[in-house]
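Got the structure open in your viewer? Keep the selection box handy and let's walk through it stop by stop.

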Amino acid sequence: MAGLGSSSSEMDLDRLNIEEYLTVESIRESPRKLHLRDLLDISPTLKEAAGAIVDDSFTRCFKSNPPEPWNWNVYLFPLWCLGVVIRYGILFPLRVTILAAGWIAFFSAFLPVHFLLGDHNKLRQKVERKLVEMICSVFVASWTGVIKYHGPRPSIRPQQVFVANHTSMIDFIILEQMTAFAVIMQKHPGWVGFIQKTILESVGCIWFNRTESKDREIVARKLREHTQGVDKNPVLIFPEGTCVNNHYTVMFKKGAFELGCAVCPVAIKYNKIFVDAFWNSKKQSFTMHLVQLMTSWAVVCDVWYLEPQYMRPGETAIEFAERVRDMISVRAGLKKVPWDGYLKYFRPSPKLIERKQQIFAESVLQRLEEK
């Protein structure tokens with residue numbers, strides 16, 4: 001009984017006290033006029049909160065959807081076991097051997113070219129470009145990648161930038177095996193960071209850190225300089241800024257659409273028939289992501305190179321970005337959602353929170369005055 005009394009008192013403490021929010025006069029005058037539907041009508045903020053609870057479209061953009069189990073009976077389970085033996089006992093060692101042989105061949109050619117030829121030698125740039133394309137092809141082969149490319153192959157031209165939806169870091173590898181892009185990418189630690197510094201900088205890649213505000217200005221300046229070059233590799237940007245699970249597209253950052261040059265959309269769509277290519281970086285390292293791909297049957301993907309787009313008269317950079325996002329979403333069969341992908345890493349700014357609170361307070365006061 002004592003336990004029940006304490007629990008009920010705790011519940012009373014957590015219970016909402018309406019007198020803290022309404023005046024005594026308003027409670028005495030119309031105690032029966034304030035209903036739940038009135039509270040929901042107070043402000044769109046409450047509707048947004050209720051809608052987020054019922055249909056959280058933001059979290060769904062970054063969730064790994066596990067495949068439905070198919071080995072559920074006595075007939076299919078032995079086949080599944082046989083598949084596990086083949087994938088882990090035969091295919092995985094073979095793919096590791098292919099990847100290791102590819103890296104040995106790559107470094108045997110890359111290191112002499114990189115250190116012996118001059119910094120601005122056109123032959124060095126051409127050889128390094130082909131070597132980067134080669135090692136990316138080795139990566140795709142280690143997944144038994146089945147990649148279908150649609151549309152004209154990108155060419156080296158000034159005043160153009162390529163933008164694509166982003167599912168995993170392997171997006172860059174799949175696109176790079178066809179054309180040596182200079183990608184704008186987040187800095188990574190470990191062996192990925194080593195490859196960024198020693199290899200990918202040779203094709204003009206630019207790195208940034210989300211936590212450094214100065215990096216944005218530096219990247220913007222380098223990006224403008226790169227797009228002006230005649231012999232520079234095409235620039236590739238993932239304007240979502242984070243990996244999305246290949247069912248949705250989040251808001252595009254406007255930086256790529258303020259350059260005043262042609263924007264070439266690229267739509268990427270993975271088929272989950274053999275493996276889910278989405279990289280959930282919060283739950284899985286990129287090394288384990290590669291192991292997951294190398295122990296699957298195959299990576300199946302379609303890539304569409306769409307028509308170049310230009311900013312229309314009177315069109316803002318944000319409107320331009322949304323128009324390109326529409327094209328990519330329609331072509332790849334992805335659903336658009338009005339979310340900023342950086343919310344995956346950072347909380348909303350205090351100014352945005354205070355503005356929401358102010359709007360909510362004003363709507364509550366207005367509603368109470370009407371009552």
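Start by selecting tryptophan 70, which counts as partly exposed because its relative accessibility is 45%. The wording works like this: buried means under 20% relative accessible area, exposed means over 50%, and partly exposed is in between, with a 1.4 Å probe and protein chains only. Those areas come from the Shrake-Rupley method with a 1.4 Å probe, and for residues only the protein chains shown count as cover. Tryptophan 70 sits in the loop between α5 (57-60) and α6 (76-116). Helices (H or I, at least four residues) and strands (E, at least two) are DSSP runs, numbered from the N terminus.

Before going further, know that this is a predicted model, where local features need pLDDT of at least 70, side-chain atom pairs count only at pLDDT 80 or more, and totals for chains, interfaces and linings use all residues. Residues are numbered from 1 along each chain as its sequence is written, and side-chain values use heavy atoms, with hydrogens and water left out.

Now add Trp72, Phe77, Leu79 and Trp80 to Trp70: together these make a nonpolar surface patch of about 610 Å². Patches are built from residues with over 30% relative accessible area and no salt bridge; like charges are joined within 9 Å, and nonpolar side chains (Val, Leu, Ile, Met, Phe, Trp, Tyr) within 5 Å.

**Next stop: arginine 60**

Select arginine 60, in helix α5. Arginine 60 counts as partly exposed because its relative accessibility is 29%. Which distance separates arginine 60 from asparagine 245 in space, C-alpha to C-alpha? The answer is 8.3 Å, although the two are 185 residues apart in sequence.

**Two backbone spots**

From there, pick asparagine 246, in the loop between β5 (235-237) and β6 (248-249). Its phi is near 65°, a positive value in a residue other than glycine. Most residues other than glycine have a negative phi. Is asparagine 246 buried or exposed? Asparagine 246 counts as buried, because its relative accessibility is 6%.

Then select threonine 144, in the loop between α7 and β1 (145-150). Threonine 144 is not a glycine either, yet has a positive phi of about 50°. With a relative accessible area of 36%, threonine 144 is partly exposed.

**Inside: the cavities**

Switch to a surface or a clipped view. How many cavities of 30 Å³ or more does the structure hold? There are 2. A cavity here is a set of points, on a 1 Å grid over the protein atoms alone, where a 1.4 Å probe fits but cannot get out; lining residues have an atom within 4 Å of a point. Grid points are joined across faces, edges and corners, and the volume is the space filled by probe spheres set on the points.

For the largest cavity, select Phe139, Phe172, Ile173, Ile195 and Leu200, which lie nearest its centre among 17 lining residues. This cavity holds about 200 Å³ of space. At least two lining residues come from each of α7 (122-142), α8 (170-176), α9 (190-198) and α11 (286-294). The lining has 16 nonpolar residues, 1 polar and no charged. Ala, Val, Leu, Ile, Met, Phe, Trp, Tyr, Cys and Pro count as nonpolar, Asp, Glu, Lys and Arg as charged, and the others, Gly among them, as polar.

The second largest cavity has about 30 Å³ of space. Select Arg157, His226, Thr227, Lys232 and Asn233, which lie nearest its centre out of 10 lining residues. By class, that lining has 3 nonpolar, 5 polar and 2 charged residues.

**Last stop: salt bridges**

The structure holds 7 salt bridges, each a side-chain nitrogen of Lys or Arg within 4 Å of a carboxyl oxygen of Asp or Glu.

- Glutamate 133 and lysine 130: the closest N and O atoms are 4.0 Å apart. The partners are 3 residues apart in helix α7, so about one helical turn separates them. Glutamate 133 is buried, at 9% relative accessible area, whereas lysine 130 is partly exposed at 48%.
- Glutamate 315 and arginine 323: the side chains meet at 3.0 Å, N to O, and both residues are buried.
- Glutamate 322 and lysine 336: the side chains meet at 3.2 Å, N to O. This pair links distant parts of the chain, with glutamate 322 in helix α12 (residues 317-332) and lysine 336 in strand β9 (residues 335-336), 14 residues apart. Add Arg325 and Asp326 to the selection: salt bridges that share partners join them with Glu322 and Lys336 into one network.

Conventions
On a 1 Å grid over the protein atoms alone, a cavity is a set of points where a 1.4 Å probe fits but cannot get out, and a pocket is an open set with protein on both sides within 12 Å along at least five of seven lines; lining residues have an atom within 4 Å of a point.
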